[in-house]
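Work through the exercises below with the sequence and coordinates open. Try each task before reading its solution.

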Amino acid sequence: MTEQSAYDPIAAGYKRVTDAHEALKGFRASIDNIDAALIHMLAERFRCTQAVGVLKATHGLPPADPAREQQQIARLRQLAQDAQLDPDFAEKFLNFVIKEVIRHHEQIAASNGATAPGAEGASTNG
């Protein structure tokens, strides 16, 4: 009698689960790296916008630049579309960043004793 290798569904299922866990571990490591890069990039972006806020406050410039903001939204929506990312999501994310930028610029202007004209909007570039 020859020995045939029998299909063991439990062993096969274990291998598939183990492979899935290994793949998941790899994806999660990549996600963690991307998250770290995003945080560092946002920190650098805010360092730049803080400097712009100081420049604007020092020279009595308004914290908002609605034309620039609209250009940035259009540009980032196109970048998102090109990258196969939902442009609406990209715009929401940018709007969140803009709100933080203006909040920082208002704080800078207030600490310089300036009133922030046009404080209802923000420049995406600072």
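**Exercise 1. Find what share of the contacts is long in sequence, then describe the fold.**

Contacts are heavy atoms within 4.5 Å. Take those with a separation of 6 or more: residues 24 or more positions apart account for 70% of them. Next, list the elements. The protein has three helices and zero strands, where helices are DSSP runs of H or I with at least four residues and strands are E runs of at least two, numbered from the N terminus.

This is a predicted model; local features need pLDDT of at least 70, side-chain atom pairs count only at pLDDT 80 or more, and totals for chains, interfaces and linings use all residues. Residues are numbered from 1 along each chain as its sequence is written, and side-chain values use heavy atoms, without hydrogens and water.

**Exercise 2. Check the span of α3, then list its buried residues.**

Helix α3 covers residues 87-111, 25 residues. The expected span is 1.5 Å times one less than the number of residues. That gives 36 Å, and α3 reaches 36 Å from first to last C-alpha.

Now apply the burial cut-off: under 20% relative accessible area, with a 1.4 Å probe and protein chains only. The buried residues of α3 include Leu 94, Val 97, Ile 98, Val 101 and Ile 102. An α-helix has 3.6 residues a turn, so residues three or four places apart point the same way.

**Exercise 3. Inspect both ends of α3.**

At the start, a side-chain oxygen of Asp 86 comes within 3.0 Å of the backbone nitrogen of Asp 88. Just after the helix, Gly 113 has a positive phi of about 75 degrees.

Conventions: Buried < 20%, exposed > 50% of the residue type's maximum accessible area, 1.4 Å probe, protein only. Polar contact = N/O pair within 3.5 Å; in protein donor to acceptor, adjacent residues only side chain to side chain.
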